[in-house]
There are 2 protein chains.
Amino acid sequence: MSGKEIRRSMPLFPIGTVMQLTELSARQIRYYEEHQLISPARNQGNRRLYSLNDIDRLLEIKDLIDQGVNMAGIKQIFLVKQQQEQTNNEQQQSEKAKRELTDDQLRHLLRNELMHSGRFNRSTLRQGDMSRFFH
Amino acid sequence: MSGKEIRRSMPLFPIGTVMQLTELSARQIRYYEEHQLISPARNQGNRRLYSLNDIDRLLEIKDLIDQGVNMAGIKQIFLVKQQQEQTNNEQQQSEKAKRELTDDQLRHLLRNELMHSGRFNRSTLRQGDMSRFFH
DNA sequence: AAAACCATGTTAGATTTTCTGACATATCAT
DNA sequence: ATGATATGTCAGAAAATCTAACATGGTTTT
């Protein structure tokens with residue numbers, strides 16, 4: 001829920017950039033927002049700011065519209081997808097729980113060794129790396 | 001030279017976004033441009049548009065300035081880095097050349113098998129995937 | 001067929017953002 | 001003290017965006 005997600009949901013792009021990236025008109029983009037298919041952030045001056053996720057969503061919308069789906073349809077599709085993700089997460093969750101038990105055992109087994117392997121884990125500090133904002 | 005690079009050098013961000021991302025003032029960002037440490041694209045209306053690479057560069061600049069390096073110093077550092085990359089590429093190039101010879105042989109060996117393995121390589125068309133613009 | 005609805009275009013006026021160029025200023029080296 | 005460097009700040013102009021309203025060509029519904 002952190003890391004990647006924070007970055008992909010970071011509000012970065014003004015509507016002009018989004019228009020070019022998606023080849024949608026400002027009118028269309030705002031209209032889809034009106035119908036709650038997206039909800040971009042706003043900056044201090046009330047201008048919309050879109051995230052990578054928003055843009056993905058707009059591309060999906062565009063595609064569905066090309067298939068003849070209307071607003072209501074798209075809204076439902078997104079709902080289903082969201083629920084799908086929800087259950088996916090729950091599955092992962094429970095699987096993870098199982099795994100964690102054995103992981104605990106593993107950790108236990110490894111502990112002694114580590115206690116004697118005086119090795120440091122220096123964190124690599126690289127600078128000027130925009131990738132921290134994405135992926 | 002294509003793919004990734006095109007994306008990371010795609011002009012996307014207005015100066016306001018870049019200010020937030022880098023915590024530099026507009027004045028600073030323009031000043032560095034004046035000294036040719038960066039050269040953002042311009043849109044039709046003459047507004048600057050920065051790429052991910054530009055932002056990386058600005059973060060690097062910021063860091064160097066924190067270390068007390070001045071414009072001239074930073075310019076030189078970038079020059080050296082660029083040359084470094086150049087020679088790196090050349091090395092890779094010549095290594096690749098070598099490898100390609102053996103690859104040719106490999107291809108040769110595989111050709112017959114492939115000629116008989118009537119298998120199709122359907123390209124996966126996924127939609128609404130912003131990742132095509134990045135990484 | 002008429003009326004209503006949907007998705008989008010277009011326009012207008014207000015507000016925000018960005019642009020360039022100029023002048024101001026603090027810090028540092030000479 | 002003088003000058004250079006890096007940045008702040010201001011002003012006026014141009015561009016981008018905002019909201020709200022009206023216009024319109026296709027679809028449905030009545």
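Me: Buried means under 20% relative accessible area, exposed means over 50%, and partly exposed is in between (1.4 Å probe, protein chains only). Is A:Gln36 buried or exposed?

Reply: A:Gln36 counts as exposed, because its relative accessible area is 62%. This is a predicted model, in which local features need pLDDT of at least 70 and side-chain atom pairs count only at pLDDT 80 or more, while totals for chains, interfaces and linings use all residues. Residues are numbered from 1 along each chain as its sequence is written, chains are lettered from A and ligands numbered from 1 in the order in which they are written, and side-chain values use heavy atoms, without hydrogens and water.

Me: And where does A:Gln36 lie?

Reply: In the loop between helix 3 and strand 1 (41–42) of chain A; helices (H or I, at least four residues) and strands (E, at least two) are DSSP runs numbered from the N terminus. A:Gln36 has a positive phi of about 60° although it is not a glycine.

Me: What about A:Glu23, what is its phi?

Reply: A:Glu23 also has a positive phi, about 60°, without being a glycine. A:Glu23 sits in the loop between helix 2 and helix 3 of chain A.

Me: Changing topic: which residues come nearest to DNA strand D?

Reply: A:Gly16, A:Arg48, B:Ser25, B:Arg27 and B:Tyr32, out of 19 residues around the strand; a residue is near if one of its heavy atoms lies within 4 Å. Of the DNA strand D atoms that come within 4 Å of the protein, 70% belong to sugar and phosphate.

Me: Which part supplies the largest share of that surface?

Reply: Helix 3 of chain B, with four residues.

Me: Which side chains have an N or O atom 2.8 Å or 3.2 Å from a base oxygen?

Reply: For B:Arg27 the distance to a base oxygen of DNA strand D is 2.8 Å, and for A:Arg47 it is 3.2 Å. A:Arg42 has a side-chain N or O atom 3.0 Å from a phosphate oxygen of the strand. A polar contact here is a pair of N or O atoms within 3.5 Å; within protein, one must be able to donate a hydrogen and the other to accept it, and residues adjacent in sequence count only if both atoms are side-chain atoms.

Me: Back to B:Tyr32: buried or exposed?

Reply: B:Tyr32 counts as buried because its relative accessibility is 4%. B:Tyr32 lies in helix 3 (residues 26–34) of chain B.

Me: What does B:Tyr32 touch?

Reply: Leaving out residues up to four places away in sequence, B:Tyr32 touches several residues, including B:Leu24, B:Ile61 and B:Met71. Contact means heavy atoms within 4.5 Å.
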